[in-house]
Amino acid sequence: MREAQQVIKEAQWKSDQDASHCSSCSKEFSISRRKHHCRNCGEIFCNECSDNKMPLPSSAKPVRVCDNCQTLLLQRYSSAGN
């Protein structure tokens, strides 16, 4: 429940300069491993850990979300339909 509430809160956008490693897998960013913001939680991830697109209330089209947020959002959407 606490995790679901975290997703609902407005994302605290992390600064690019503050991230040298992926927030999920901890791999170091480089020219070939680029930084991507999760549009739901605001953390910075590599492409492998944020290669999901989902609709969010704040966007007219599906946007990039991290693996963790995708799981939490899918759970929330499936429970809302019941």
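**A walk through the predicted model**

Ser 26 is partly exposed, with a relative accessible area of 49%. The structure discussed here is a predicted model. Ser 26 lies in the loop that runs between helix H1 (2–8) and S1. Its phi is near 70°, which is a positive value in a residue other than glycine.

The cysteines come next. A disulfide is a covalent bond between the sulfur atoms of two cysteines. The structure holds zero disulfides. Cys 22 is in none, and the nearest cysteine sulfur, that of Cys 25, is 3.7 Å away. Because a pair counts as a disulfide only with its sulfur atoms within 2.5 Å, the sulfurs of Cys 22 and Cys 25, at 3.7 Å, do not qualify. Cys 22 has 3% relative accessibility and so counts as buried. Cys 49 is likewise in no disulfide. For Cys 49 the nearest cysteine sulfur belongs to Cys 46, 3.7 Å away. With a relative accessible area of 9%, Cys 49 is buried.

From the cysteines the path leads to strand S1, which covers residues 36–37 and includes His 36. The relative accessibility of His 36 is 16%, and the residue therefore counts as buried, the limit being under 20%. Once its neighbours within four places in sequence are left aside, His 36 is in contact with Glu 43, Ile 44, Phe 45, Cys 46, Asn 47, Ser 50 and Arg 64. Cys 46, one of these contacts, also carries the cysteine sulfur nearest to that of Cys 49.

Further along the chain is strand S4, residues 63–65, where Val 63 is found. Val 63 counts as buried because its relative accessibility is 16%. Val 63 and Lys 53 are 10 residues apart along the chain, and their C-alpha atoms are separated by 4.8 Å. Lys 53 is also among the residues that Val 63 touches, not counting those up to four places away in sequence; the others are Arg 39, Asn 52, Met 54 and Leu 56.

The last element on this route is helix H2, made up of 14 residues (67–80). From its first C-alpha to its last, H2 reaches 20 Å, close to the 20 Å expected at 1.5 Å a residue. The buried residues of H2 are Cys 69, Leu 72 and Leu 73. These three cover an arc of only 100° around the axis, so they sit on the same side of H2.

How values were computed: Residues are numbered from 1 along each chain as its sequence is written. This is a predicted model: local features need pLDDT of at least 70, side-chain atom pairs count only at pLDDT 80 or more; totals for chains, interfaces and linings use all residues. Side-chain values use heavy atoms; hydrogens and water are left out. Helices (H or I, at least four residues) and strands (E, at least two) are DSSP runs, numbered from the N terminus. Buried means under 20% relative accessible area, exposed over 50%, partly exposed in between (1.4 Å probe, protein chains only). Contact means heavy atoms within 4.5 Å. The expected span of a helix is 1.5 Å times one less than its number of residues. The arc is that of the directions from the helix axis to the C-beta atoms.
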